Amino acid sequence: MATADDLKFQEFDDAANLLAANPDATTISIDEPAEIPKNQHSHLQEPGREEDDELLGTDDSDKTELLAGQKKSAPFWTFEYYQTFFDVDTYQVLDRIKGSVFPVPGKNFVRLYIRSNPDLYGPFWICATLVFTIAVSGNLSNFFIHLGKPTYHYVPEFRKVSIAATTIYAYAWLVPLALWGFLMWRNSKVMNIVSYSFLEIVCVYGYSLFIYIPTAILWIIPQQVVRWVLVVFSLCLSGSVLVMTFWPAVRDDSRRIAVATVATILLLHALLAVGCLAYFFDAPELDIPAPAPIIPAHNGTTVVTKSH
Amino acid sequence: FPGLADVSISQDIPVEGEITVPVGSSSPDEDYSTLDEPVKDTIMRDLKAVGKKFVHVMYPRKSSALLRDWDLWGPLVLCVSLALMLQGGSADSKDDGGPQFAEVFVIIWFGAVVITLNSKLLGGTISFFQSLCVLGYCVMPLTVAMLVCRLVLLAGAGTVSFIIRLIVVGAMFGWSTLASTAFLADSQPPNRKALVVYPIFLFYFVISWMILTFTPQ
């Protein structure tokens, strides 16, 4: 039979005090993850705010799973697990491509386009397209450069496709792996605010390679100046996307490490472009475009001059 | 059985029926009946199925027959003949020549497998081998283009022959892509159709490029 005292409302002490009184009691701690998605949605509108980093950077995995429902709960040996990496629609892929080509200052590519849903479709097919575009454009440009020469016999140079494929896929997968490892290592030493998962890094790298596809097509133009202007231009565009993505991830580290990381990222990106240009595209001849003129010498014999 | 001693069956319940268990489906391909037929019948039946699929590719209509009864004979024959016809070009011993037999084979089969996996990962409802079957059969226009190219190259290798080859290969490339898209695009949700069609386009583009750049030694 309850007494009147038992029925009175009791104030419960703070959990800490109760625990101090009875240290062996089992405790249940309830985080407040439900708060975070709401905040994230409102904060997406103002990505420049400093609190952004704190809210978005902590508890990455918790938030991702909550936002995406039961996204990655399938074990990795089932087909459904890999289907979660292809959960994109056409307009999403096109948006991501657009975001990689037109960097908006202040907006982070990963945060804006990928945050909830990294995909493998874009990186894989952009790399495949790039491989064949470089091989085909290189072949075409060599054909046009050597067109007038009588000793030139056209060859399809098919072996270069495998070389292009190895290079580009290695760049698009090994460099993100190295970068991810490096960032994880730095994260264990310095508490970084923003950290990316491996798939997000692969995604950024894959989409940032898209600009090289039209660049490779335009490299058919046999003018060195045009080619180098294209290299610089595309490097600026995709490089700025990469820099804006990775600068927040390293800026809390020591100054030298941060700058060195970003510089390495840009250097490798540039190396890829320049290397492809040098290897797949022969240098155009520096002479006049007219075919070899035939100048009759005064004694009647014709002399063919080659302007080398 | 002492408990059954007082059970009696009234005389007007008929006890009749068949004891044999009926075979599940009455399809004409029961193993039971095809074991005894002459080999010629078996071969002709398979050949007819392959031939019917070739006709389907030539006049692409949405037909579920092509998808249901998939087979890989046609794609194998087409792939091997295409790879054989692509041999004998620019046989420099430098690595600048055209694709070797193994390279063509690998590109076609590996490319078809990758496209099939891609469409399944994007949520397609078509089965793995059905998709391989369609992609393989739709290489047929390009094989025809290769044949035409080789014949044109026998006549000469100048600009005119190049233009003819370009037109033929271009037309066949369009035909292949349209034919395979007609069969495969329907199995995708509508907001991802372009994501599935683009790799098919790339695949046939690469094969067309190999055909167009074939130069005999």
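Colleague: In this predicted model, what counts as a salt bridge?

Modeller: The rule looks at side-chain atoms. One partner is a nitrogen of Lys or Arg, and the other is a carboxyl oxygen of Asp or Glu. The pair counts when these atoms lie within 4 Å.

Colleague: How many salt bridges does that give over all chains?

Modeller: Side chains of opposite charge can pair when their charged atoms come close. Applied over all chains, the rule gives a count of eight.

Colleague: How far apart, N to O, are R192(B) and D89(A)?

Modeller: The pair crosses between chains. R192(B) sits in the loop between α8 and α9 of chain B, and D89(A) in the loop between α6 and α7 of chain A. Their side chains meet in a salt bridge, with an N to O distance of 3.0 Å.

Colleague: Which residues are linked with R192(B) in a network of salt bridges?

Modeller: R192(B) also forms a salt bridge with D87(A), at 2.9 Å between the closest N and O atoms. That pair crosses between chains too. The network therefore links R192(B), under the salt-bridge rule, with D87(A) and D89(A).

Colleague: Is D87(A) buried or partly exposed?

Modeller: Buried means under 20% relative accessible area, and exposed means over 50%. D87(A) has 40% relative accessibility, so this residue counts as partly exposed.

Colleague: What is the relative accessible area of R96(A)?

Modeller: R96(A) lies in helix α7 of chain A and pairs with D119(A), 23 residues apart. Their closest N and O atoms are 2.6 Å apart. D119(A) is buried at 1% relative accessibility. R96(A) is buried as well, with a relative accessible area of 2%.

Note on methods
Residues are numbered from 1 along each chain as its sequence is written. Chains are lettered from A and ligands numbered from 1 in the order in which they are written. This is a predicted model: local features need pLDDT of at least 70, side-chain atom pairs count only at pLDDT 80 or more; totals for chains, interfaces and linings use all residues. Side-chain values use heavy atoms; hydrogens and water are left out. Helices (H or I, at least four residues) and strands (E, at least two) are DSSP runs, numbered from the N terminus. Buried means under 20% relative accessible area, exposed over 50%, partly exposed in between (1.4 Å probe, protein chains only).
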